[in-house]
Amino acid sequence: VIALAHDAVAYPLPEGHRFPLGRYARLRRHVETWPEVEVRDARAATDDELLRAHTPAYLARAVAGALSPRERAALGLPWSPQLVERARRSVGATVDAAGIALRQGVAANLGGGTHHAFPDAGRGFCMFNDVVCAVRALREAGRVRHVLVVDLDVHQGDGTHAALAGGDEATCLSVNGGRNYPFRRVPGDVEADLADGTGDDEYLATVASLLDRALRRAAPDLCVYLAGADPYRGDRLGRLALTREGLRARDALVRDAMRARGVPVCLTLAGGYADPIEDTIAINAATVALFAGRAGGTEAPPGAGGSVAG
Ligand SMILES: [Zn+2]
């Protein structure tokens with residue numbers, strides 16, 4: 001399986017900032033050792049690609065560092081030229097992974113899933129919306145007609161919904177922590193809000209039923225899966241209570257539902273804020289391993305202290 005990485009460019013982040021920037025490079029170094037995965041550096045998305053999802057005015061402000069103080073606060077990451085370059089590469093990774101998935105059945109971005117980015121605003125650590133850019137790039141190229149976005153990050157993909165929900169381009173499936181960010185919602189197409197503390201059984205039943213509903217609504221040519229690690233019970237921002245086994249069962253539900261219908265999958269990893277960060281990396285690694293067909297893929301990355309189970 002080909003996996004595209006966007007971690008080659010680092011950007012400055014203040015000490016103690018809650019965005020876990022280090023997880024991407026560490027995940028890459030881990031999965032790079034697997035024979036089942038070929039890691040490639042992502043290219044930067046062009047302005048034309050970004051303009052499929054964003055207004056010219058927002059793109060110009062974002063690239064030039066001309067965001068207002070309010071916009072900077074909503075984004076939650078300090079602006080730098082490197083931040084823009086890295087965000088471009090994250091979009092390039094999803095656009096290219098989606099194209100590769102159409103040929104090979106599955107491909108991954110070892111990041112991406114920046115679903116809080118709106119057409120005219122970056123929010124919640126998301127500068128550009130990679131999924132919207134990818135859906136539109138493939139549609140314009142005539143390679144897909146309809147895409148299923150399966151967003152299982154614990155936070156609602158409000159920016160993606162603003163661009164795609166209710167339209168012909170995509171069906172937006174979303175399972176959210178009901179009391180979690182964003183507090184002003186943008187409705188998706190097939191969606192559920194779960195109570196704080198929801199565990200594996202209820203979560204998995206919800207995902208299965210929504211997948212069934214979404215697949216009866218429309219026959220997708222591609223699934224873009226946001227395999228957020230943040231429904232995990234050890235996540236600092238998640239508020240749900242899934243175990244590692246539950247997250248793995250969730251990933252298998254998505255894989256099997258798409259496989260049964262011959263729908264290719266573009267995997268993205270979206271959010272993950274576990275303490276310690278090794279838990280997020282291990283969850284991400286297990287997801288990549290599952291989609292790469294790696295047997296026994298749940299082993300933890302170096303430094304995870306052997307806390308693999310649960
Ligand atoms: Zn999230």
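Here is a quick tour of a strand, a metal site and a few single residues in this structure. Keep in mind that you're looking at a predicted model. Strand 4 (residues 147-151) is a good place to start, since five of its five residues are buried and the strand is largely enclosed by the rest of the structure. From there we'll go on to the zinc ion, then Thr268, and finish with the cysteines.

**Strand 4 and its partners**

- Strand 4 is covered on both faces: Val147, Val149 and Asp151 are buried on one side, and Leu148 and Val150 are buried on the other.
- Strand 5 (residues 170-177) runs parallel to strand 4, and five bridges join the two. One of the residue pairings here is Val147 with Ala170 of strand 5.
- Strand 7 (residues 222-226) also pairs with strand 4 in the parallel sense, again over five bridges. Here Val150 has Tyr225 of strand 7 as its bridge partner.
- Put strand 4, helix 7 (residues 158-164) and strand 5 together and you get a right-handed β-α-β unit.

**The zinc site**

- Which residues hold the zinc ion? Asp153 gives two OD donors, His155 binds through ND1 and Asp230 through OD, at 1.9 to 2.6 Å.
- Along the chain, these donors follow the spacing D-x1-H-x74-D.
- Asp153 and Asp230 come from distant parts of the chain, 77 residues apart. Asp153 sits in the loop between strand 4 and helix 7, while Asp230 sits in the loop between strand 7 and helix 9 (244-261).
- The arrangement counts as irregular because the angles between the four donor atoms run from 56 to 157°; a tetrahedral site would need all of them between 85 and 135 degrees.
- Both of these aspartates are tucked away: Asp153 is buried at 2% relative accessible area, and Asp230 is buried at 0%.

**Thr268**

- Thr268 belongs to strand 8 (residues 265-268), and it is buried, with 0% relative accessibility.
- Setting aside neighbours within four places in sequence, Thr268 is in contact with several residues, including Thr94, Asn109, Asp130 and Gly111. Val224, Tyr225 and Leu226 are also among its contacts.

**The cysteines**

- How many disulfides are there? The count is zero.
- Cys126 can't form one with Cys133, which has the closest cysteine sulfur, because the two sulfurs are 12 Å apart, too far for a bond; the cut-off is 2.5 Å.
- Cys172 is in no disulfide either, with the nearest cysteine sulfur, in Cys223, 11 Å away.
- Cys126 is buried at 5% relative accessibility, and Cys172 is buried at 1%.

Definitions and conventions:
Residues numbered from 1 in each chain as written. Predicted model: local features only at pLDDT ≥ 70, side-chain atom pairs only at ≥ 80, totals over all residues. Heavy atoms only, no water. Buried < 20%, exposed > 50% of the residue type's maximum accessible area, 1.4 Å probe, protein only. Helix = DSSP H or I, 4+ residues; strand = E, 2+ residues; numbered from the N terminus. Pairing = 2+ DSSP bridges. Right-handed = clockwise from strand over helix to strand, strands pointing away. Contact = heavy atoms within 4.5 Å. Donors = N, O, S within 2.8 Å, 3.2 Å for Na, K, Ca; no water. Tetrahedral: all angles 85-135°; square planar, octahedral: opposite > 155°, others 65-115°.
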